[in-house]
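Reader: I've got a model open and a few geometry questions for you. Mind if we go through it piece by piece?

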Amino acid sequence: MSALNFNKRVHNFCAGPATMPTAVLQKAKHDLLNWHNSGSSVMEISHRSADFIAIAQKAEQDLRKLMHIPDNYRVLFLQGGASLQFSSIVMNLLHGVADYLDTGIWSKKAITEALRYEQAGLGTINVVATAKDSNYTRIPDVATWQLSDNADYFHYCPNETIQGLAMFDLPTVNAPIVADMSSCILSMPIDVSKFGLIYAGAQKNIGPAGLTLVIVRDDLLGKANLICPNTQNYQNQALNDSMLNTPPTFAWYLSGLVFEWLLEQGGVHAIYQQNLEKARRLYACIDNSDFYHNPVDKNYRSIMNIPFTLSDSSLDKVFLEQAAQNGLLNLKGHKAVGGMRASIYNAMDLTAIDDLVSFMQHFECQRV
Ligand SMILES: *Cc1c(COP(=O)(O)O)cnc(C)c1O
């Protein structure tokens, strides 16, 4: 049993697996034992059954609607998390050189993984620039990027979940753009046609862990290296509707419910307006006080993950304790950055932000 007892749902600011819309969980609960009078749970039926294929196709159609995904893109529902994609991308796409932008812990992990394939002789990994010099508080000036002439792809992470550093402008590069959107997919409108490949673990801004989305342009299929495992081969998965082997059926179904919910909210544009307002209120609280601090350059602040420190870090523990007593959970920052972090994905509503801001203001008043 957890240390605190709640008889209702709390505001859960966890970075991932993260909070899900209550309406989605209620629907899943309703369907759990007997989905649509089929007499079985979704997790008990074959992925080859007509029932499950209908669920799978509906989820894909709704995602295509939400993101306006063009017809020349495949949507893959895979396993292994975003971390396995760090390898899959290389095995599917690298033949000469690949460019990588280092903007934080996640892009760095992608680079580290890619370098193993460089060592194995698959090609060259070129880091075009690093945000390290600013301690990951700003995106390096494009003019300084050391881009390759004929890169197979350019990899970057538009939203660094741990540092709270975001890049809103599309990189101006010639190579196909590969983006790790694990913590920002569906948070704001994007033009999918500008990307070669988008990938995301579902457990941040969609919901259930166990599912990894890959959205890949047709012309990038069929280029995999021989060492690429069958299940990681984009072409093979595309040809088999992501059912080369058993897909994560229940996570796929739950994601479909989240896509339906998002459409009911008015789609990505509507949720983006709410996300902007949520972030604005929380940053305003931080910036209007000398007690809280966020180091990220204002042009590059994430609207999904907002880290902040207290001016006196010896108060961190009591801040977290009192926040939890007020139903504000999982605000502890990543150990690499310290302090606090509020992850405020799509499923987090304005009330949660207002409750957090009130708590923060009250906590500050008690100390100064
Ligand atoms: C969480 C996260 C990952 C890792 O995701 P897994 O599904 O756990 O492998 C990768 N990239 C970003 C940006 C993330 O936020």
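**Holes, helices and odd backbone spots**

Author: Sure. The structure holds 1 cavity of 30 Å³ or more. Keep in mind that this is a predicted model.

Reader: Which residues line the largest cavity, and how do they divide by class?

Author: The volume of the largest cavity is about 30 Å³. Its lining is made of T19, P21, K204, N205, I206, V258, W261, Y345, N346 and A347. Sorted by class, that lining comes to 6 nonpolar, 3 polar and 1 charged.

Reader: And the largest pocket: which residues are the closest to its centre?

Author: That pocket has a volume of about 330 Å³. It is lined by 19 residues, and the closest to the centre are P21, T22, A347, M348 and D349.

Reader: Which element gives the largest share of the lining of the largest pocket?

Author: Three elements, β1, α1 and α7 (267-287), each supply at least two residues of that lining. By class the lining has 10 nonpolar, 7 polar and 2 charged residues. The largest share is 3 residues, and it comes from α7.

Reader: Now the helices. Are α3 and α4 oblique or perpendicular to each other, and why?

Author: Two packed helices are described by the angle between their axes and the distance between the axes. Here α3 (residues 81-93) and α4 (residues 105-119) pack at about 45°, with axes 9 Å apart. An angle of 45° falls outside the under 35 range for roughly parallel and the 65 to 115 range for roughly perpendicular. The two helices are therefore oblique.

Reader: Which residues of α4 are met by α3?

Author: The crossing of α3 past α4 is right-handed. By class, their contact has 7 nonpolar, 2 polar and 2 charged residues. From α3 come S83, F86, S87, V90 and M91, and in α4 they meet W106, K109, A110, E113, A114 and Y117.

Reader: Backbone next. Is the peptide bond from G16 to P17 cis or trans?

Author: Most peptide bonds are trans. P17 sits in the loop between β1 (11-12) and α1 (22-31). Omega for the bond from G16 to P17 is near -10°, and that bond is cis.

Reader: Last one: what is phi of H36?

Author: Most residues other than glycine have a negative phi. H36 is in the loop between α1 and α2 (50-67). Phi there is positive in a residue other than glycine, and for H36 the value is near 45°.

Terms used. Residues are numbered from 1 along each chain as its sequence is written. This is a predicted model: local features need pLDDT of at least 70, side-chain atom pairs count only at pLDDT 80 or more; totals for chains, interfaces and linings use all residues. Side-chain values use heavy atoms; hydrogens and water are left out. Axes are lines fitted to C-alpha atoms, for helices over the stretch in contact, and angles run from 0 to 180 degrees between N-to-C directions. Helices (H or I, at least four residues) and strands (E, at least two) are DSSP runs, numbered from the N terminus. Angles under 35 degrees count as roughly parallel, over 145 as roughly antiparallel, 65 to 115 as roughly perpendicular and the rest as oblique. A crossing is left-handed if the near helix is turned anticlockwise from the far one by less than a right angle, and right-handed if clockwise. Contact means heavy atoms within 4.5 Å. Ala, Val, Leu, Ile, Met, Phe, Trp, Tyr, Cys and Pro count as nonpolar, Asp, Glu, Lys and Arg as charged, and the others, Gly among them, as polar. On a 1 Å grid over the protein atoms alone, a cavity is a set of points where a 1.4 Å probe fits but cannot get out, and a pocket is an open set with protein on both sides within 12 Å along at least five of seven lines; lining residues have an atom within 4 Å of a point. Grid points are joined across faces, edges and corners, and a volume is the space filled by probe spheres set on the points.
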